[in-house]
Amino acid sequence: MRSAFDNLRLNPLHGFEIDVNGDKQVVKIFRNEQLIAKKITLKKSIRYFAVKGYLRYLTAEEI
């Protein structure tokens with residue numbers, strides 16, 4: 001899901017915010033103030049989460 005996450009993050013229609021707390025980093029991606037995806041990095045572990053139907057938010061190059 002890494003490339004799909006980057007596609008969502010780089011889309012100009014989406015906003016994102018980054019929260020860092022010690023070793024933990026959380027990147028949240030929003031569309032119209034609704035959370036559509038999230039990436040959590042804790043030390044060397046990376047986990048990706050997305051809402052059901054996130055594919056409709058991808059740009060054409062990813063689909």
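The exercises below, each with a worked solution, deal with a predicted model.

Residues are numbered from 1 along each chain as its sequence is written, and side-chain values use heavy atoms, with hydrogens and water left out. Because the model is predicted, local features need pLDDT of at least 70 and side-chain atom pairs count only at pLDDT 80 or more, while totals for chains, interfaces and linings use all residues.

**Exercise 1. Strand pairing**

Task: Work out how strands S1 and S2 are joined, and which residue in S2 is the bridge partner of Val 20.

Solution.
- Step 1: Fix the terms. Helices (H or I, at least four residues) and strands (E, at least two) are DSSP runs, numbered from the N terminus. Two strands pair if DSSP finds at least two bridges between them.
- Step 2: Locate the strands. S1 covers residues 15-21, and S2 covers residues 24-31.
- Step 3: Read the bridges. S1 and S2 run antiparallel and are joined by seven bridges. Val 20 has Gln 25 as its bridge partner in S2.
- Step 4: Look at the turn. The two strands make a hairpin with two residues between them, and Gly 22 in the turn has a positive phi of about 65°.

**Exercise 2. The hairpin of S2 and S3**

Task: Describe the pairing of S2 with S3, then state whether Asn 32 and Glu 33 are buried or exposed.

Solution.
- Step 1: Strand S3 takes in residues 34-42, and eight bridges connect it to S2 in the antiparallel sense. Within this pairing, Phe 30 is opposite Leu 35 in S3.
- Step 2: The hairpin has two residues between its strands. Asn 32 belongs to the loop between S2 and S3, and Glu 33 is found in that loop too.
- Step 3: Check the backbone angles. Asn 32 has phi near 55°, a positive value in a residue other than glycine. Glu 33, which is not a glycine either, has a positive phi of about 65°.
- Step 4: Apply the accessibility classes: buried is under 20% relative accessible area, exposed is over 50%, and partly exposed lies in between (1.4 Å probe, protein chains only). Asn 32 counts as exposed because its relative accessibility is 71%. Glu 33, at 80%, is therefore exposed as well.

**Exercise 3. From S3 to S4**

Task: Find which residues of S4 stand opposite Ile 40 and Leu 42.

Solution.
- Step 1: S4 is the strand of residues 45-50, and it pairs with S3 over six bridges in the antiparallel sense.
- Step 2: Ile 40 faces Arg 47 in S4, and Leu 42 faces Ser 45.
- Step 3: This hairpin has two residues between the strands, and Lys 43 takes a positive phi near 55°.
- Step 4: Add a side-chain contact. A charge sits over a ring if NZ of Lys or CZ of Arg is within 6 Å of the ring centre and within 35 degrees of the ring normal. Lys 38 lies over the face of Phe 49, 5.9 Å from the ring centre.

**Exercise 4. The salt bridge**

Task: Identify the residue that forms a salt bridge with Asp 6, and say where both partners lie.

Solution.
- Step 1: The criterion is a side-chain nitrogen of Lys or Arg within 4 Å of a carboxyl oxygen of Asp or Glu. The count by this rule is one.
- Step 2: The partner of Asp 6 is Arg 9, with the closest N and O atoms 3.5 Å apart.
- Step 3: Both residues lie in helix H1 (residues 2-10), three residues apart, which is about one turn of the helix.
- Step 4: Asp 6 is classed as partly exposed because its relative accessible area is 27%. Arg 9 is also partly exposed, at 27% relative accessibility.

**Exercise 5. Contacts distant in sequence**

Task: Determine how far Leu 13 is from Arg 31, and how far Leu 55 is from Ala 4, C-alpha to C-alpha.

Solution.
- Step 1: Leu 13 is in the loop between H1 and S1. With a relative accessible area of 59%, Leu 13 is exposed.
- Step 2: Leu 13 and Arg 31 are 18 residues apart along the chain, and their C-alpha atoms are separated by 7.0 Å.
- Step 3: Leu 55 belongs to the segment after S4. Leu 55 counts as exposed, at 51% relative accessibility.
- Step 4: Between Leu 55 and Ala 4 there are 8.5 Å in space, C-alpha to C-alpha, and the two are 51 residues apart in sequence.
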